[in-house]
Amino acid sequence: MKVWVETERLILRPLVPDDAEAVFRWGGDPAVNEYMIYPLYHRAEDVRAWLENRDPDDPDSYDEGIVLKSTGELIGSGGLVYRPERCAWEIGYNLRADQWGHGYTVEMLNALLDTIRKTRTVEAIDGVFAAENHKSRRVMEKFGMVWVRDTEYTKLDGSRTYAAKYYRRNFPQPPERCLICDRIGKIRRNENPYFVRELETGYVVIGDHQRFEGYTLLLCKEHATELSQLAPDLRSAFLRDMAITAEAVQNAFRPDKMNYELLGAGTGRHMHWHLFPRRVGDTPRPGPVWQVTDMNDPRYLPSPEKLAELREALGRELDRLLGKEE
Ligand SMILES: [Zn+2]
C-alpha cells in the first residue's frame with residue numbers, strides 16, 4: 001500500500017524505481033543478505049526491474065522504504081505483509097548495515113502497525129528468523145513477540161538452509177469483533193456476572209444457558225485461534241487449566257460423563273473450551289450436545305440465585321483443586 005508515515009526519526013514511504021541505486025546498497029550487500037530468503041543482487045538494474053514489477057497498491061502489503069529524516073537517505077525497506085492462511089501479518093525488513101543497532105526497525109514496525117490498524121484488523125503478527133541471527137531476535141522481542149516454536153527455512157536458490165525461530169504476537173480484539181475478548185474485557189472491569197475464577201491461562205465462566213446444568217467455559221487469555229499458536233509452556237498450561245476446570249465441573253455437578261470441546265468464536269476465532277457435564281438421556285439421541293436445537297432457549301438462562309449457586313459450587317471445587325482451600 002502507498003503510505004506516507006512520519007515517526008520521530010524516520011519517514012516511511014513507497015519504494016519507486018528510481019530508488020534502485022539506494023536499494024542496491026543493501027540488496028547487494030552480502031552481510032545484509034546473509035539471512036534473507038532471496039538471492040543477493042549483483043546489479044542495480046536488477047533491483048530496478050524488481051521495483052518496477054511491484055504492485056504499489058497491494059492492500060495486503062505494507063512494505064515501505066525507510067528514509068532517515070536527519071540525512072534524507074533511504075536506508076532500508078520493510079514492513080508487514082498479510083498472510084490470510086495464518087490470519088497474521090508477517091514481518092520482513094532490510095536495513096543498510098551501517099544503520100544497524102539504532103532501533104530503526106522497531107520504530108518502523110510500530111508506526112506501520114498503528115497505520116494498518118486504522119483500516120485493517122490485526123489479530124497477530126508473526127516472523128521467522130535464523131536462530132543464529134541475534135539482531136532479528138532482539139527486534140522481535142522489542143516488538144512484543146514471543147517464541148512459539150523452532151522451524152527452518154531455505155534460501156530461494158536452495159543454497160542454504162537455516163535452523164530458525166518462529167515468533168508471534170497475538171492482539172486482543174475490539175469487543176465488536178471478538179465475543180471472547182468482549183467477555184474478557186467485562187471480567188476485567190468486574191462486569192461479567194458469569195465469571196468464576198481467573199486461572200493462569202484463562203478465565204472460567206458459567207455458560208450463559210444451562211440446558212446442560214453445570215455447562216462451563218474456559219476462555220483463553222490470548223486472542224489465538226489454535227493451540228499451535230501458543231508457545232509450548234503456555235499451551236501445556238492452558239491444557240492443564242482446562243483439565244483442572246473440567247475436574248472441578250465434574251466434582252461440583254456430578255455428571256455421568258464430561259464432554260470437552262475447543263471452539264473458536266465468530267470472526268475473531270478466539271479459542272475457548274466448552275465443558276459440558278452430560279447425563280444419560282439429556283439429548284434425544286446419544287451423541288454430542290449440538291444435536292439439540294433448544295440449547296440457547298431463554299428458559300435455560302439461570303436465575304440470579306441459580307447462577308450464584310453454580311458459581312459458588314464450581315469456585316469452591318476450583319479452589320480446592322488449585323490448593324487454595326483454607
Ligand atoms: Zn479475542
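## Pairing and the five-stranded sheet

Two strands count as paired if DSSP finds at least two bridges between them. On that basis, five strands of this predicted model form an open sheet in the order 9-10-11-13-12. The pairing is antiparallel. Strand 9 (195-198) and strand 12 (257-263) stand at the edges. Each has a single partner strand, so one side of each is left without a neighbour in the sheet. From one strand to the next, the twist averages 20 degrees.

At one edge, three bridges join strand 9 to strand 10 (residues 202-206) in the antiparallel sense. Arg-197 stands opposite Val-204 in strand 10.

## Helices on the five-stranded sheet

Helix 7 (residues 232-253) packs on this sheet. Helix 7 touches strand 10, strand 11 (216-220), strand 12 and strand 13 (272-278). The direction of helix 7 makes about 25 degrees with that of strand 13.

Helix 8 (residues 304-321) lies across strand 9, strand 10 and strand 11. Helix 8 runs at about 20 degrees to strand 9.

## The eight-stranded sheet

Another open sheet has eight strands, in the order 1-2-3-4-5-6-8-7. Its pairing is mixed. Strand 1 (5-6) and strand 7 stand at the edges. Each of these has a single partner strand, so one side of each is left without a neighbour in the sheet.

Strand 7 pairs with strand 8 in the antiparallel sense, over eight bridges. Here Val-146 stands opposite Arg-168 in strand 8. Strand 5 and strand 6, by contrast, run parallel and are joined by two bridges. Glu-90 stands opposite Asp-126 in strand 6.

## Burial and a crossing helix

How many of the seven residues of strand 6 (residues 124-130) are buried? Six are, so strand 6 is largely enclosed by the rest of the structure.

Helix 4 (residues 104-117) lies across five strands: strand 1, strand 2 (10-13), strand 3 (61-68), strand 4 (74-83) and strand 5 (88-95). Helix 4 runs at about 55 degrees to strand 2.

## Nonpolar cores

The largest nonpolar core has 35 residues. Those with the most contacts inside it are Val-23, Ile-66, Met-108, Leu-112 and Ile-125. Consider Ile-66, leaving aside its neighbours within four places in sequence. Ile-66 is in contact with Leu-10, Leu-12, Leu-74, Ile-75, Gly-76, Ser-77, Gly-78, Tyr-104 and Met-108.

A second core is separate and has 31 residues. Among them are Ile-184, Phe-212, Met-271 and Trp-273.

## Two domains and their contact

The domain assignment divides the protein chain into domain 1 (5-170) and domain 2 (179-321). Taken over C-alpha atoms, the centres of domain 1 and domain 2 are separated by 41 Å. Seven residues from domain 1 and six residues from domain 2 make up the contact.

Which strands supply the side of domain 1 that touches domain 2? Strand 7 (146-154) and strand 8 (161-170) each give at least two residues. Strand 7 provides the largest share, three residues. By type, the residues on this side of domain 1 are four nonpolar, one polar and two charged. Strand 7 therefore has two roles: an edge of the eight-stranded sheet, with a single partner strand, and the largest share of the domain 1 side of the contact.

Definitions and conventions:
Residues are numbered from 1 along each chain as its sequence is written. This is a predicted model: local features need pLDDT of at least 70, side-chain atom pairs count only at pLDDT 80 or more; totals for chains, interfaces and linings use all residues. Domain bounds come from an automatic or database domain assignment. Two residues are in contact if their C-beta atoms, placed from the backbone, lie within 7 Å. Helices (H or I, at least four residues) and strands (E, at least two) are DSSP runs, numbered from the N terminus. Ala, Val, Leu, Ile, Met, Phe, Trp, Tyr, Cys and Pro count as nonpolar, Asp, Glu, Lys and Arg as charged, and the others, Gly among them, as polar. Axes are lines fitted to C-alpha atoms, for helices over the stretch in contact, and angles run from 0 to 180 degrees between N-to-C directions. A nonpolar core is a set of buried Ala, Val, Leu, Ile, Met, Phe, Trp, Tyr and Cys residues joined through C-beta atoms within 7 Å. A residue is buried if 20 or more other C-beta atoms lie within 10 Å of its own, exposed if 12 or fewer, and partly exposed in between; C-beta atoms are placed from the backbone.
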